[in-house]
Amino acid sequence: MQNQSSDLSSLPARAGGALRLAVVGSGVMGSGIAQIAALAGVDVLLHDARDGAAAQAVERLGQTLEALAGKGKLTQEAAQAARARLTAVQALADLKDCDVVVEAIVENLDAKRALFRELESLVRPDCVLATNTSSLSVTAIAAGLQRPQRVAGFHFFNPVPLMKIVEAVDGLLTDPAVTEFLLALGRRCGHTAVRAKDTPGFIVNHAGRGYGTEALRLLAEGVAEFHQIDRILRDTAGFKLGPFELLDLTALDVSHPVMESIYHQYYEEPRFRPQPLTRQMLAAGLVGRKAGRGFYRYADGKQESFDEPAAPAARPARVWVSKAWPAGYERAVALLRALGAILDEGDRPAGDSLCIVTPLGLDVTTCCVRQGLDPARTVGLDVLFDTRRRRVVATSPATSPAARAEAHGLLASDGTPVSIIRDSTGLVAARVVATIVNIASEIAQQRIAAPADIDRAVTLGLGYPHGPLAWGDQLGAATVLQVLEELQASTGDPRYRPSPWLRRRAQLGLSLLTDEA
């Protein structure tokens with residue numbers, strides 16, 4: 001091996017040619033990586049420390065490829081060629097001639113470091129050592145090696161063949177050519193490949209902190225029940241799964257430790273603060289769908305359902321809408337006219353009018369106080385997000401039952417469900433989405449990844465309806481900033497402090513995707 005070149009500069013150009021790739025660890029992740037590499041024309045060696053596990057994985061992969069061919073997703077020739085590129089090996093020494101080794105073993109720092117120390121003594125000096133870690137530091141994994149510059153992160157998502165995103169992660173000592181090689185290899189395997197710095201959570205798991213933690217905060221504040229929050233975020237903001245459905249699916253024995261890990265790795269950053277409830281649920285074994293109970297109950301794999309509250313027959317005589325937020329006024333008036341409401345168009349509401357405010361980062365209570373409105377007959381209406389599938393009405397502690405019933409009855413009169421929530425600064429969707437946008441802005445501010453890569457990674461890795469920075473642009477950076485500033489002012493909680501990235505672009509009227517030259 002002493003005669004082999006240790007120069008890594010030629011690596012990126014080699015990514016498209018003949019390659020021999022090894023995967024260490026033949027579990028779900030390792031097998032998935034092996035599958036996409038073999039389909040991309042790469043010769044793959046699969047190794048596992050468990051006796052016979054690699055051979056069994058290769059057999060299963062052959063069956064998978066045959067099944068894909070049977071469904072018409074692959075040609076028979078492509079399936080057979082990919083299967084021919086898969087080889088199980090028994091000893092690490094069999095990997096000595098590989099161009100790249102991808103580690104996909106247990107998520108344990110000591111185990112990964114021990115494996116890489118052994119590999120370093122076996123493989124060529126120009127062989128790339130990549131780790132599929134999702135939560136450990138790439139720099140820490142490479143620490144103590146003679147050539148840490150050839151170690152980088154290569155983080156795929158489960159299931160690998162379907163989740164078309166991979167993060168190539170630079171450790172502090174990683175040679176840039178190594179990451180460029182992995183980016184090219186990821187693209188060759190049919191994935192969108194994005195570059196990230198070695199920080200807790202990299203891009204996707206970092207950016208994903210806002211959705212669940214802010215929803216849990218809303219639940220802790222008693223703003224709405226968990227199933228109501230799920231409905232609101234699905235129907236108005238467009239998420240495929242509500243945050244509590246998602247926590248049940250991923251299971252709290254997986255997701256809660258990640259919440260705590262990232263929170264502590266960032267030295268108790270308030271933006272990532274978990275809530276005590278998930279720790280209690282974990283202790284009780286209420287981890288989610290696989291246990292039959294999490295936030296929801298599950299019978300025969302079917303999630304329990306909750307009936308929509310019946311719409312009252314009550315209707316207001318007239319409706320007055322606040323003009324404090326002009327765009328909100330226009331949206332609310334258009335909706336109310338479509339529902340056949342009689343509008344009170346006076347500068348001040350008449351004595352029998354239902355008053356509707358459209359809070360932008362505020363709560364109903366503050367709107368009433370600032371605008372001098374009668375809180376007993378005032379409700380808030382969320383018009384920042386889609387009102388076609390669901391309407392969200394917020395009541396203050398002083399809102400009368402009659403005003404609540406009139407608002408509910410009117411807004412549900414076309415058959416659209418209405419969610420009634422308790423008073424909340426930022427209501428529900430604005431709080432959650434503003435938190436997501438703010439965290440993504442901070443990822444950009446810290447140069448963890450390029451703005452466009454953040455959006456690509458989050459859209460593919462988390463399935464959000466929009467990339468968070470593009471979503472901030474869609475809502476308006478100034479709007480998101482206002483929501484966060486009002487949240488921080490009303491709660492005093494530093495979790496809502498706006499990222500400088502967001503603040504500066506809002507002030508300058510720039511896109512959140514705009515990077516400095």
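This briefing walks through the salt bridges and the pockets of the structure above. The model is a predicted one. A search of the whole structure turns up 35 salt bridges, and three of these pairs are introduced below, along with a network. After that come the largest pocket, with a volume of about 1,600 Å³, and the second largest pocket, with about 430 Å³ of space.

**Salt bridge R124 and D99**

- Side chains of opposite charge can pair when their charged atoms come close.
- In the pair formed by R124 and D99, the closest N and O atoms are 2.9 Å apart.
- This pair links distant parts of the chain: R124 sits in the loop between α5 (109-120) and β5 (128-131), D99 sits in the loop between β3 (86-89) and β4 (100-103), and the two are 25 residues apart.
- R124 counts as buried because its relative accessibility is 11%, under the 20% limit for that class.
- D99 is also at 11% relative accessibility and so counts as buried.

**Salt bridge R195 and D170**

- R195 and D170 meet through their side chains in a salt bridge, at 2.7 Å from N to O.
- Here two strands are involved: R195 belongs to β8 (residues 192-197) and D170 to β7 (residues 165-170), distant parts of the chain that lie 25 residues apart.
- R195 has a relative accessibility of 23%, so this residue counts as partly exposed.
- D170, in contrast, is buried, with a relative accessible area of 17%.

**Salt bridge R391 and D414**

- R391 forms a salt bridge with D414, and their closest N and O atoms are 2.8 Å apart.
- Because R391 lies in strand β15 (residues 391-395) and D414 in the loop between α16 (401-411) and β16 (418-422), the pair ties together parts that are 23 residues apart in sequence.
- R391 counts as buried, at 4% relative accessibility, whereas D414 is partly exposed, with a relative accessible area of 43%.

**A salt-bridge network**

- E214, R217, E221, R431 and R495 are joined into one network by salt bridges that share partners.

**The largest pocket**

- Rolling a probe the size of a water molecule over the atoms shows where empty space is left.
- The largest pocket has 50 lining residues, and F157, N205, T250, V254 and V258 are the ones that lie nearest its centre.
- Two or more lining residues come from each of α2 (28-39), β6 (151-156), α8 (204-207), α9 (209-220), α11 (243-250), α12 (252-265) and α18 (451-462).
- Helix α12 gives the most to this lining, with nine residues.
- Sorted by class, the lining of the largest pocket holds 24 nonpolar, 20 polar and six charged residues.

**The second largest pocket**

- The second largest pocket is lined by 21 residues, and those nearest its centre are Q35, T64, L68, P161 and L162.
- The elements giving two or more residues to the lining of this pocket are α2 and α3 (53-70).
- Helix α2 supplies the largest share of the lining of the second largest pocket, with six residues.
- By class, the lining of the second largest pocket is made up of twelve nonpolar, six polar and three charged residues.

Methods. Residues are numbered from 1 along each chain as its sequence is written. This is a predicted model: local features need pLDDT of at least 70, side-chain atom pairs count only at pLDDT 80 or more; totals for chains, interfaces and linings use all residues. Side-chain values use heavy atoms; hydrogens and water are left out. A salt bridge is a side-chain nitrogen of Lys or Arg within 4 Å of a carboxyl oxygen of Asp or Glu. Helices (H or I, at least four residues) and strands (E, at least two) are DSSP runs, numbered from the N terminus. Buried means under 20% relative accessible area, exposed over 50%, partly exposed in between (1.4 Å probe, protein chains only). On a 1 Å grid over the protein atoms alone, a cavity is a set of points where a 1.4 Å probe fits but cannot get out, and a pocket is an open set with protein on both sides within 12 Å along at least five of seven lines; lining residues have an atom within 4 Å of a point. Grid points are joined across faces, edges and corners, and a volume is the space filled by probe spheres set on the points. Ala, Val, Leu, Ile, Met, Phe, Trp, Tyr, Cys and Pro count as nonpolar, Asp, Glu, Lys and Arg as charged, and the others, Gly among them, as polar.
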